Amino acid sequence: MSTPRFLTLPPGVHARRIDTAVGAFSALEAMPGSGVAERWPALLVPGLTGSKEDFIAVLQTLAQSGRQVVAIDMRGQFETSGPDDPRAYTRAALGNDVDVLAQLIGRGEPIHLVGHSFGGLVTREAVIDGRTKFASYTLMSTGPAAIVGPRERAGRAMLAELPQVGVEQMWDTRMEPEALAAGVPDEIIAFLRKRLFANSPIGMSTMTREVLSAPDRCDELIQVGVATLVLFGEHDDGWPPATQSEMADRLNAECVVVPGAAHSPAVDAPETTAAALVRFWNAAESRLRS
C-alpha cells in the first residue's frame, strides 16, 4: 500500500470536488501563495492501492512554482465513487477520465500530467489517444508493461483472496500487521483502513487484472512526441529500476533516479521529487512557449 507520512493539508492545499461529464472526482488542489497561477497546471494520478493523499507532501512545493496542481482519486478509489461495472475500471476507461479532467483543469491550455505506478499505465492511455494537449508527461515508478516481481505476486494473491475472504479479512490478517510491523503511526493506519474499505471491490479487482496484463505501448507513446520524464526511486520494488531506465532510453525521455526512495518517491523523498518535476515542467514550458 502507498502510505503517506502525514495527512494535515499544507498551506495553500485544499480538498475539492471536480464535477465532470463523466462523474464527480475527489481531489486535492494546491495553488501558489499569491493565488495567481502564472504557469500551466498539473494533474497527478495515483497508483492502484493509493489515493490523492500519496502526493500530499509535494503539492505545496509544486504549486509554489507558480501553477495550479491537482491530485485526484481515480474512479472507484477512496473518495471518488464508481459503478459496479468492471468496464469502468479498464485502463482505457480510466484514461478517458484523465482526458476529461485534464481538459477541464487546463481550460484550453496545455497541462502537465503525472502518473504513479498503475496511474502511469492509465495516464499513458490518455497521452496516446491524442485528445488532450499535454505540456509534458511523467511516468513515476511505472514500467513499460505489466507489473513484475513482488508486486505482481501480491496482485495475484489479492485476486485469489478477495472473492474468498473479503477486504476485512485481508486487512486484519495481512495489511494491518504489515503496517504495524513497519512502525506506521496509528492515525495513518486508521487512514489506510478507511481508504481500503472505501475502495470499490470490483474496481480493485479489475484494476489489479489491468496492471497484471498491461501490454507494452512504448512504440505508440513515442510517436506522440510529448516531452517525457521517467522518475523512480533507486530502491523501487515495483518495476525494476533497470527496466524503467531502459524504458526511458526507448522513449528518448529524461530519467531521474531518486536517491533513498522506493516505489513512492513523492512520499519517500518529496523535496527531491518536487524539485525534479518543477525543473522538468519549466523546461518543457519554455520549449513550447518559444
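## Rings, charges and cores

Just one aromatic pair turns up by the ring-centre rule, in what is a predicted model. The partners are F78 and F191, set edge-to-face with 5.5 Å centre to centre and 90° between the planes. They bring together distant parts of the chain: F78 comes from the loop between β4 (69-72) and α2 (91-106), while F191 belongs to helix α5 (residues 186-198), 113 residues apart.

Are these two rings buried or exposed? F78 has 8% relative accessibility, so with the cut-off at under 20% this residue counts as buried. F191 is buried as well, with a relative accessible area of 8%.

Two other rings have an arginine over them, as the table shows.

| Arginine | Ring | Distance to ring centre |
|---|---|---|
| R193 | F197 | 4.2 Å |
| R289 | W40 | 4.1 Å |

In the R193 case, what sits over the ring of F197 is the charged end of the side chain. R289, for its part, lies over the face of W40.

Now for the nonpolar interior. The largest nonpolar core has 43 residues, and the members touching the most others are L43, I72, M74, L113, F118, F134 and V211. Helix α3 (residues 118-129) is the top contributor to this core, giving six residues. Another core, of 28 residues, lies apart from it, with F55, L62, A261 and V278 among them.

Which residues does I72 touch, not counting those up to four places away in sequence? The list runs S26, A27, L43, L44, V45, P46, S51, K52 and L101. One of these, L43, is also named with I72 among the core members that touch the most others.

How values were computed. Residues numbered from 1 in each chain as written. Predicted model: local features only at pLDDT ≥ 70, side-chain atom pairs only at ≥ 80, totals over all residues. Heavy atoms only, no water. Phe/Tyr/Trp six-rings, centres within 6.5 Å; stacked < 30°, edge-to-face > 60°. Helix = DSSP H or I, 4+ residues; strand = E, 2+ residues; numbered from the N terminus. Buried < 20%, exposed > 50% of the residue type's maximum accessible area, 1.4 Å probe, protein only. Lys NZ or Arg CZ within 6 Å of the ring centre and 35° of its normal. Core = buried A, V, L, I, M, F, W, Y, C linked by side-chain atoms within 4.5 Å. Contact = heavy atoms within 4.5 Å.
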